[in-house]
Amino acid sequence: MSLSAAMKTAQSSFSNVGLQSAVVSKNIANASNPAYARRAAVLATAASGATVVETQRAQNEALLKQNLLSISKSAGQDTLLAGLTQMKTMLGGEGYELAPSTYLAKLRDNLQAFADKPNEVSLAETVVADATDVANSLNSTSAALQKLRAEADADIDTAVTELNRLLKEFKTYNDKVKQSTAAGTQDNDALDQRDKLLTQISEIVGVTTVTRTNNDLALYTSDGTVLFETVPRTVSFEATTTYTAAVDGNQILIDGVPVQAGAGGNTSAQGSLAALLQLRDQAAPTFQKQLDEMSRTLVSMFSENVETPPGSGTFVATDGLFTWSGVPTVNSPGLAGVIKVNPAVITSQGGNAMLLRDGINETFNVDNNASFSELLNGYAAAFETTQTFDPDAAIDTTGTILAFSTGSVGWLEQIRSAATTASDDKNALLGRTQDALQNVTAVSLDEELALLLDLEQSYKASAKLVSAVDEMITALLQAAG
């Protein structure tokens with residue numbers, strides 16, 4: 001080897017060590033950055049020895065796609081579970097002590113006690129208080145459900161705004177990737193940012209990717225709607241500020257196509273948007289329907305058949321212990337929010353609790369008999385009478401009021417339990433896919449430090465070669481002199 005060739009080899013080695021050291025240093029600096037993919041300097045053989053030709057970024061497209069899917073499923077499941085847990089809290093949590101079924105059972109028991117001792121004013125007052133508790137439970141739960149729907153609607157609005165922002169930012173980095181690829185280079189930092197945005201987008205909506213010319217990415221939702229193709233598609237939504245049982249929320253449109261709500265406790269939702277739609281448009285309205293059916297049945301059970309007009313032989317059902325305000329008919333949506341105890345039996349409102357025994361709309365106890373219990377026995381028997389319920393309530397269509405109210409709690413607990421199990425499973429799967437992806441892309445400090453030691457040895461070897469060449473040149477100069 002000539003001295004000039006030796007110097008070129010040493011020069012090439014120094015250059016390689018410098019470039020490799022820069023790559024290793026950047027890896028170490030970003031070791032704790034989850035959005036960073038490990039870099040590696042690739043060497044190739046040249047006339048003067050090895051040389052760095054490019055810096056490659058660690059990646060695995062199949063694992064990335066699986067991770068995006070796991071993120072979407074986990075985000076959707078967790079969003080649904082959070083809403084269902086909030087619904088359970090409305091009923092008092094683990095014991096369901098604030099559920100209508102709890103107060104209905106108490107009303108039934110005290111009503112029977114009053115029927116056995118119809119002359120006891122204190123028992124009459126107790127029954128009215130129990131009925132008030134039932135109405136309050138229905139009112140508060142209905143109000144909390146509509147608040148939940150309004151919160152879900154607001155969360156949808158926030159998520160849509162964020163999704164549009166992410167798609168706009170995605171275009172910026174996708175364009176950088178396309179430009180660098182077309183120029184024969186690779187913008188690794190842009191690729192990192194693009195993948196980071198993909199994970200954030202997948203939390204909001206399920207996304208699949210298609211790689212095109214020059215590493216251009218097209219994005220589609222899990223049901224095939226175009227989300228991004230060269231330019232971001234518009235995601236639109238009009239928020240609804242006030243919710244009642246009769247109000248339906250607006251659709252989410254991606255490129256004009258409605259987003260579909262998730263279904264089931266183990267929800268089919270991918271991303272938070274579909275799960276929020278499921279809460280707002282399915283879970284909460286179904287529970288509201290159950291509350292409305294309880295309210296309708298209570299009004300019917302305690303209604304009084306009054307001869308109208310007197311002596312006509314025609315009897316009309318009129319409101320008894322339970323009535324309502326603000327809605328035109330007993331079958332209107334949202335009855336649970338406005339059901340109340342008839343003021344005629346509330347002492348604090350000028351009423352008389354004993355009218356429950358004697359009749360609110362007409363005196364049935366014409367002789368003012370202290371042992372009169374015909375109406376009370378009828379009310380108590382109604383608790384054991386099979387009623388018919390709307391199939392839209394998603395539980396048994398026939399049964400007693402107590403069985404139906406208990407079934408409502410069971411319905412919520414069943415779907416929440418399924419959501420809890422599914423959340424654990426999907427989070428576990430997400431953890432495994434993230435670990436698998438990080439095993440390929442994440443920085444290992446041990447490996448990087450070991451590589452630094454190797455580079456140090458390469459530097460020392462090159463330095464020794466330069467020193468040897470220097471000594472040889474010095475010796476030649478001295479001999480020539």
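Strand 4 (216-221) and strand 5 (residues 226-229) run antiparallel and are joined by two bridges, strands being DSSP runs of E with at least two residues, and helices runs of H or I with at least four, all numbered from the N terminus. Two strands count as paired if DSSP finds at least two bridges between them. In this pairing, L219 of strand 4 stands opposite F228 of strand 5. The two strands form a hairpin with four residues between them, and G224 in the turn has a positive phi of about 95°. The model is a predicted one, in which local features need pLDDT of at least 70 and side-chain atom pairs count only at pLDDT 80 or more, while totals for chains, interfaces and linings use all residues. Residues are numbered from 1 along each chain as its sequence is written, and side-chain values use heavy atoms, with hydrogens and water left out.

On its other pairing, strand 4 is joined to strand 3 by six bridges, and these strands also run antiparallel. T211 stands opposite L217 in strand 4. The hairpin of strand 3 and strand 4 has three residues between the strands. N214 lies in that loop, and its phi is near 60°, a positive value in a residue other than glycine. N214 counts as partly exposed because its relative accessibility is 33%; the class runs between buried, under 20% relative accessible area, and exposed, over 50%, with a 1.4 Å probe and protein chains only.

These hairpins belong to an open sheet of four strands in the order 3-4-5-6, with antiparallel pairing. Its edge strands are strand 3 (207-212) and strand 6 (231-232), each of which pairs on one side only. Strand 5 and strand 6 run antiparallel and are joined by two bridges, with E229 opposite V231 in strand 6. Helix 4 packs on the sheet and touches strand 4, strand 5 and strand 6; the direction of helix 4 makes about 150° with that of strand 4. Helix 5 (residues 188-204) lies across strand 3, strand 4 and strand 5, at about 5° to strand 4. For these angles, axes are lines fitted to C-alpha atoms, for helices over the stretch in contact, and the angles run from 0 to 180 degrees between N-to-C directions.

How far is strand 4 covered? Six of its six residues are buried. In a regular strand the side chains alternate between the two faces of the sheet. In strand 4 both faces are covered, with D216, A218 and Y220 buried on one side and L217, L219 and T221 buried on the other.

Helix 5 also takes part in the largest pocket, which has a volume of about 740 Å³. Of the 35 residues that line this pocket, the closest to its centre are R57, L64, D195, T199 and L437. Helix 5 gives the most to the lining, with eight residues. Helix 2 (61-90), helix 5, strand 3 and helix 10 each supply at least two lining residues. A pocket is found on a 1 Å grid over the protein atoms alone, as an open set of points where a 1.4 Å probe fits, with protein on both sides within 12 Å along at least five of seven lines; lining residues have an atom within 4 Å of a point. Grid points are joined across faces, edges and corners, and the volume is the space filled by probe spheres set on the points.

Helix 3 (residues 100-116) has 17 residues, and at 1.5 Å a residue it should span 24 Å; its end C-alpha atoms are 24 Å apart, which agrees. The expected span is 1.5 Å times one less than the number of residues. Within helix 3, P100, S101, L104, L107, N110, L111, F114 and A115 are buried. The buried residues of helix 3 pack against several elements, including helix 4 (121-182), helix 6 (272-301) and helix 10 (401-441), where contact means heavy atoms within 4.5 Å.

Two further sites lie outside the sheet described above. T388, in strand 14 (residues 387-388), is exposed because its relative accessible area is 57%. Not counting residues up to four places away in sequence, T388 touches E293, R296, T397 and T398. D255 lies in the loop between strand 8 (253-254) and strand 9 (257-258), and has a positive phi of about 55° although it is not a glycine.
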